Amino acid sequence: MSTLIVYYSLTGHVKNLVKKIEDNFDFDTLEIKTKSDFQYKGPLKFIVGGFQSLNGYCPAIQDTNVNFNNYSKFIFITPIWAGGYAPAFNSFLTKYDFANKEIILITSSGASNDSAIEKFKQKLPMSKITNSFSIHDKKNEEIDLVIESLKNSYGMF
Ligand SMILES: Cc1cc2nc3c(=O)[nH]c(=O)nc-3n(C[C@H](O)[C@H](O)[C@H](O)COP(=O)(O)O)c2cc1C
């Protein structure tokens with residue numbers, strides 16, 4: 001059984017991280033896509049998006065035909081919005097059940113990322129969180145460290 005990366009990316013940083021992981025591993029990927037585009041720009045992007053995240057908003061997301069039972073491990077990657085996971089991930093984790101699944105959590109932030117992993121874990125109380133990483137999107141060396149650590153945990157040297 002294989003590993004599935006599930007990610008959401010609004011402005012491309014997480015997508016870039018996923019591409020780098022794909023260059024090194026034979027993992028499948030699923031991008032969470034909202035049914036409507038997030039249309040806010042500039043300061044409103046942060047105000048509306050932050051408000052949505054803080055209030056547990058669940059935007060409608062596109063359906064997937066991925067069968068999660070085909071995977072034994074998952075890597076969930078989200079940008080941080082207002083100190084938590086992005087609302088699209090809230091929708092995904094509300095819609096699908098990952099109880100007893102092995103999951104690695106990764107967050108990507110612009111600046112601070114203190115509490116986001118904890119909030120992510122709280123949304124997945126029945127899952128087995130095997131590792132977690134917090135990446136700053138302007139620090140490429142942190143991406144390299146994640147890839148090295150994943151290689152170690154997958155027995156690749
Ligand atoms: C609505 C919104 C809220 C954000 N809130 C935070 C935050 O609280 N802390 C932080 O460090 N970065 C914050 N960011 C920055 C993103 O987490 C960061 O740039 C991330 O790498 C973006 O990933 P993406 O380009 O894949 O969407 C926020 C970005 C957006 C759009």
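**Exercise 1: the shell around the ligand**

Find out how many residues surround the ligand in this predicted model, and which are the closest.

*Solution.* Start with the count: the ligand has 23 residues around it. Next, pick out the closest: these are Ser9, Val14, Gly49, Pro79 and Ser109. Now see which elements give two or more residues to the shell: helix H1 (13-24), helix H2 (42-54), strand E3 (71-81) and strand E5 (102-109). Of the shell's residues, H2 supplies the largest share, with 4.

**Exercise 2: the chemistry of the shell**

Sort the residues of the shell around the ligand into nonpolar, polar and charged.

*Solution.* Go group by group: 8 of the shell residues are nonpolar, 12 are polar and 3 are charged.

**Exercise 3: alanine 82**

Work out what stands out about the phi of alanine 82, where the residue lies, and how exposed it is.

*Solution.* First, a bit of background: most residues other than glycine have a negative phi. Alanine 82 isn't a glycine, yet its phi is positive, near 50°. Then place it: alanine 82 sits in the loop between E3 and strand E4 (84-85). Last, the exposure: alanine 82 has 17 C-beta neighbours inside 10 Å, so it counts as partly exposed.

**Exercise 4: asparagine 100**

Do the same job for asparagine 100: check its phi, find its loop, and decide whether it is buried or exposed.

*Solution.* Begin with phi: for asparagine 100 it is positive, about 65°, although this residue is not a glycine. As for location, asparagine 100 belongs to the loop between helix H3 (87-95) and E5. Finally, count neighbours: 8 other C-beta atoms lie within 10 Å of asparagine 100. The cut-off for exposed is 12 or fewer, so asparagine 100 is exposed.

How values were computed: Residues numbered from 1 in each chain as written. Predicted model: local features only at pLDDT ≥ 70, side-chain atom pairs only at ≥ 80, totals over all residues. Near = placed C-beta within 6 Å. Nonpolar A, V, L, I, M, F, W, Y, C, P; charged D, E, K, R; others polar. Buried ≥ 20, exposed ≤ 12 C-beta atoms within 10 Å, placed from the backbone.
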